[in-house]
Amino acid sequence: MKGQTPQEWAGTSRIFALVFTDIVDSTKFANELGDERWIDLFLKHRDRARELMPKYNGHEIKTIGDSFMVIFRTALDAVDFLLALASDTGDERLRIRAGIHVGSARIIGDDIFGNMVNYTKRVEGTDYGPVAIRLSDAAKNQIADEKAERHSRLSFQPREVEFKGFTEPQRIWVVLTPRCVQDRYRSSDQ
């Protein structure tokens with residue numbers, strides 16, 4: 001939440017749902033548009049993401065280039081945020097890819113650290129189509145266990161992937177969203 005440090009937001013919790021986002025083809029946009037127009041486009045996206053974060057109880061840790069690093073209390077909040085952001089990125093030309101993982105992390109100052117941070121970035125960076133929300137097994141299980149009505153139209157496609165630094169293949173899940181779900185997230189925010 002605005003005005004709070006990550007520690008104040010988290011309280012005593014060390015278990016979070018972490019999100020990394022990335023704008024698809026941002027380098028291409030920057031090269032085509034030039035700095036002034038690209039930065040204006042990115043600022044629209046940044047403002048839209050920051051407008052949505054409090055609605056889904058998220059706390060921005062930082063931006064890294066055109067990417068966001070945001071913590072949420074649950075994977076449900078995180079996926080709701082991403083569905084809303086994917087359906088309205090701040091500009092119709094922009095598309096995002098994102099990863100969600102649930103695990104423990106340590107808050108130090110205004111940042112978070114731990115293996116879950118690296119793992120979440122690996123989930124976001126998997127190469128299964130440029131535009132997608134990807135979940136770790138832990139995040140997918142939290143969403144499946146809740147059985148929230150608002151997620152009943154989502155489907156999840158498993159993928160076995162190799163992650164740098166991990167000896168065993170890892171399973172991630174690509175979130176498939178029917179058009180009506182995207183429209184609902186777009187209209188529910190207006």
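# Briefing on a predicted single-chain model

Ala17 has its place in strand S1, one of the nine strands that accompany six helices in the chain, where helices (H or I, at least four residues) and strands (E, at least two) are DSSP runs numbered from the N terminus. This is a predicted model, in which local features need pLDDT of at least 70 and side-chain atom pairs count only at pLDDT 80 or more, while totals for chains, interfaces and linings use all residues. Residues are numbered from 1 along each chain as its sequence is written, and side-chain values use heavy atoms, with hydrogens and water left out.

**The chain as a whole**

- Of the 190 residues in the chain, 47% are buried, a term that stands for under 20% relative accessible area, with exposed meaning over 50% and partly exposed lying in between (1.4 Å probe, protein chains only).
- The accessible surface of the chain is about 9,800 Å², and carbon and sulfur atoms account for 47% of that surface; such areas come from the Shrake-Rupley method with a 1.4 Å probe, and for residues only the protein chains shown count as cover.
- When contacts (heavy atoms within 4.5 Å) are taken between residues at least 6 apart in sequence, 68% of them join residues at least 24 apart.

**Ala17 and its surroundings**

- Ala17 is buried, and its relative accessible area is 0%.
- Apart from neighbours within four places in sequence, the residues in contact with Ala17 include Val70, Ile71, Phe72, Ala75 and Ala78, and also Ile100, His101 and Val102.
- Thr74 is another of these contacts, and its C-alpha atom is separated by 5.3 Å from that of Ala17, although the two residues are 57 apart along the chain.

**Helix H3 and the loop after it**

- Helix H3 covers residues 75-87 and contains Asp80; 12 of its 13 residues are buried, so the helix is largely enclosed by the rest of the structure.
- Among the buried residues of H3 are Ala75, Leu76, Val79, Phe81 and Ser87.
- The end C-alpha atoms of H3 are 18 Å apart, which agrees with the 18 Å that its 13 residues should span at 1.5 Å a residue, given that the expected span is 1.5 Å times one less than the number of residues.
- At the start of H3, a side-chain oxygen of Thr74 comes to within 3.3 Å of the backbone nitrogen of Leu76.
- Asp80 is itself buried, at 4% relative accessible area, and its side chain makes a polar contact with the side chain of His151 at 2.6 Å; a polar contact is a pair of N or O atoms within 3.5 Å, and within protein one must be able to donate a hydrogen and the other to accept it, while residues adjacent in sequence count only if both atoms are side-chain atoms.
- Asp88 lies in the loop between H3 and strand S4 (96-104) and counts as partly exposed at 26% relative accessibility.
- A polar atom of the Asp88 side chain lies 3.1 Å from the backbone nitrogen of Gly90, and the C-alpha atoms of Asp88 and His45 are 8.7 Å apart in space, with their positions 43 residues apart in sequence.

**Aromatic rings**

- The whole structure holds six aromatic pairs, where rings of Phe, Tyr and Trp (its six-membered ring) pair if their centres lie within 6.5 Å, with planes under 30 degrees apart counted as stacked, over 60 as edge-to-face and the rest as tilted.
- One of these pairs joins Phe29 and Trp38, whose ring centres are 6.3 Å apart and whose planes meet at 5°, so the pair is stacked.
- Trp38 also forms a tilted pair with Phe42, at 6.4 Å centre to centre and 35° between the planes, and ring pairs thereby link Phe29, Trp38 and Phe42 into a cluster.
- Trp38 and Phe42 are four residues apart in helix H2 (residues 26-52), and are therefore separated by about one helical turn.
- Trp38 is buried at 11% relative accessible area, and Phe42 counts as buried at 14%.

**Positive phi values in loops**

- Most residues other than glycine have a negative phi.
- Asp25, in the loop between strand S1 (15-23) and H2, has a positive phi near 60° and counts as partly exposed at 46% relative accessibility.
- Lys147, in the loop between helix H5 (137-146) and strand S8 (155-161), has a positive phi of about 55° and counts as exposed at 70% relative accessibility.
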